[in-house]
Amino acid sequence: MAQQTFSVWAPSAQTVGLWHDGSVTPMSRDGQWWSAVADIDGETGRYGYVVDGDSDQVLPDPRVPRLPEGVHAPGALDDPSAFAWTDQAWSGRHVGGAVIYELHIGTFTPQGTFDAAADRLGHLADLGVEFIEVMPINGFNGTLNWGYDGVAWYAVHDPYGGPEGFRRLVDAAHAAGIGVILDVVYNHLGPSGNYLPRFGPYLTDGANTWGQSLNLDQADSDAVRAHIIDNALRWMRDFHVDGLRLDAVHALVDHTAVHVLEELAVATDALATSVGRPLSLIAESDLNDPRLVTGRGDGGYGLAAQWDDDVHHAIHTTVSGERQGYYADFGSLDCLATALTRGFFHAMTYSSFRRRRHGRPIDPRTVSPSQMVVYTCDHDQIGNRAIGDRPSAYLDHGQLAIKAALVLTSAYTPMLFMGEEWGASTPFQFFTSHPEPDLGKATAEGRKAEFADHGWDAAEIPDPQDPETFRRSKLDWTEPTEPAHARLLDFYRALISLRRSVPDLTDDRWESVSASYDVDRGWFALHRGAVSTICILGDRTTSVPIAIEPLLAWEPVETSADGISSPGHNVVVGRRLLP
């Protein structure tokens, strides 16, 4: 054991004591911070804080790195310098234009651990994946969760393998030539285990979808902002991750002159210079606001990229025919063309779902196409369906191939969701494991009520608290070798290979992208320079007056000087021939 200095921001406290392995050491105050020195074993020792003499409850450190006994118990230390990294040759890469693969550690493999995920990196490298995007791994209550109910932002969920396990995954990914993006949640805290208000004004009286907002702009907010920024930098510095996906940034209420996202972007760029490799911030936003990714010199926040739901909605509705809820404005071929050539469909245009104008046009002079991350599947668009069914449950493989081709030959940065590449038959359902019976019951009943309002039979909605809901959501790794699944997997591999090898598919200029279509004949074509991706959306053979030299097709097509003839639910990528 060696002496360690412990410090905690607790402006609301009158006294703070450092609890360690059954003993309490009084802490000294310096302004709003409290500190003490103690000997704690790094492997087996436990520590926490006693605030205002309440010795009946030892509170976890707001920055605790390990919680072996859960979010309500004292925590443990973590020494980042003790890990033997082998990724010294990893120079990183920019996220723009790369193929990203979103995964959930608990359901990606049967074992549900970091080490088990590392064992599947060969599959991802063979597929052509360049980044994995790991859903949140911070400390949450219970053992099973999507991760967005986190309360211990600095901790790594112990059942996944803890901090050391995550470092092993990142190290292995870099050895396989794959970067790592971590999904982080700074817009709210989970419903159980949030002890931050006992220490200071981390939260405000305002609320967002998930509860109280973070205090980003009111009294004593500087330390709260530092809590976020220090956490973000820690993942990139101490765990070698290559970037962060920032959850629902539209819920970050910040009226200061320098928004916390801009402040985080400046700090991230400085760290990138220090470590000598690119570091990327990717925002999830409901605002359709290009200022997130506009450079700071042009008045933006300077983030690397942002998720683009409009492209998902445009592709999904066109192929599936679904129009419910927020899909109502989407589904036409004109909408699809707009989304694939201009980035946003709603850009200061009327949204019937919101009943107001929404979005802002992208300025092609300041934002490039590769700053939009697009997908046909993600955890939300699957898991927040009533029964968590994937497109493979209600579309044929030809339709899945169309969706894949539109994303992977687009001008944007493509993202896949785990198992999508072989048309996984397993669902991805919403699951929780709240130990508190009342909270578990409220979660389950709330889920059923939400979908009942949209016409679903409550009996069909999976119980998030039922362990079977979690088990059903695990990928079945026997499927990729089954003939039908293997064929789709081969098509994904070929698309990604084509994306890398054909120069027209790497052009990052808006003017290099155009689209054409025929509503009556049921075809749509996305053009990238001299390369066209032609989609046959109906279920009958049709003719397309675009002459091409096919490079890749889901089903064979007949070619002629006048164009192609193709069966329904088909997609072909090829070079256009001059007349």
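Guide: Before we start: a helix here is a DSSP run of H or I with at least four residues, and helices are numbered from the N terminus. Also, what you're looking at is a predicted model.

Visitor: Got it. Which residue follows α6, then?

Guide: That's histidine 240, and its phi is positive, near 60°.

Visitor: And how far apart are the end C-alpha atoms of α6?

Guide: They are 25 Å apart. At 1.5 Å a residue, the 18 residues should span 26 Å, so the two values agree.

Visitor: Is α6 largely enclosed or not, and why?

Guide: Largely enclosed by the rest of the structure, because 14 of its 18 residues are buried. Buried means under 20% relative accessible area.

Visitor: What about the loop between β11 and α6, which residue is there?

Guide: Aspartate 220 sits in that loop, with β11 covering 211-214. Aspartate 220 has a positive phi of about 65° although it is not a glycine.

Visitor: Is aspartate 220 buried or exposed?

Guide: In between: it's partly exposed, with a relative accessible area of 37%.

Visitor: Okay, and what's the phi of methionine 348?

Guide: Positive, about 65°, and methionine 348 is not a glycine. You'll find methionine 348 in the loop between α9 (333-342) and β15 (349-351). Its relative accessibility is 44%, so it counts as partly exposed.

Visitor: New topic: pockets. What volume does the second largest pocket have?

Guide: About 340 Å³. It is lined by 18 residues, and the closest to its centre are Ser7, Tyr47, Tyr49, Asp61 and Arg63.

Visitor: Which elements give two or more residues to that lining?

Guide: β1 (3-9), β6 (47-51) and our helix from earlier, α6 (221-238). The largest share comes from β1, with six residues.

Visitor: And what's the lining like by class?

Guide: The lining of the second largest pocket has 11 nonpolar, four polar and three charged residues.

Visitor: Last one, sheets. In what order do the strands run in the open sheet with β22?

Guide: The order is β22-β25-β24, three strands with antiparallel pairing. The edge strands are β22 (542-544) and β24 (558-560), each pairing on one side only. Neighbouring strands in this sheet are turned by 20° against each other on average, direction ignored.

Visitor: How many bridges join β22 and β25?

Guide: Three, in the antiparallel sense, with β25 covering residues 563-566.

Visitor: And what stands opposite serine 543?

Guide: Serine 565, in β25.

How values were computed
Residues are numbered from 1 along each chain as its sequence is written. This is a predicted model: local features need pLDDT of at least 70, side-chain atom pairs count only at pLDDT 80 or more; totals for chains, interfaces and linings use all residues. Side-chain values use heavy atoms; hydrogens and water are left out. On a 1 Å grid over the protein atoms alone, a cavity is a set of points where a 1.4 Å probe fits but cannot get out, and a pocket is an open set with protein on both sides within 12 Å along at least five of seven lines; lining residues have an atom within 4 Å of a point. Grid points are joined across faces, edges and corners, and a volume is the space filled by probe spheres set on the points. Ala, Val, Leu, Ile, Met, Phe, Trp, Tyr, Cys and Pro count as nonpolar, Asp, Glu, Lys and Arg as charged, and the others, Gly among them, as polar. The expected span of a helix is 1.5 Å times one less than its number of residues. Buried means under 20% relative accessible area, exposed over 50%, partly exposed in between (1.4 Å probe, protein chains only). Two strands pair if DSSP finds at least two bridges between them. Axes are lines fitted to C-alpha atoms, for helices over the stretch in contact, and angles run from 0 to 180 degrees between N-to-C directions.
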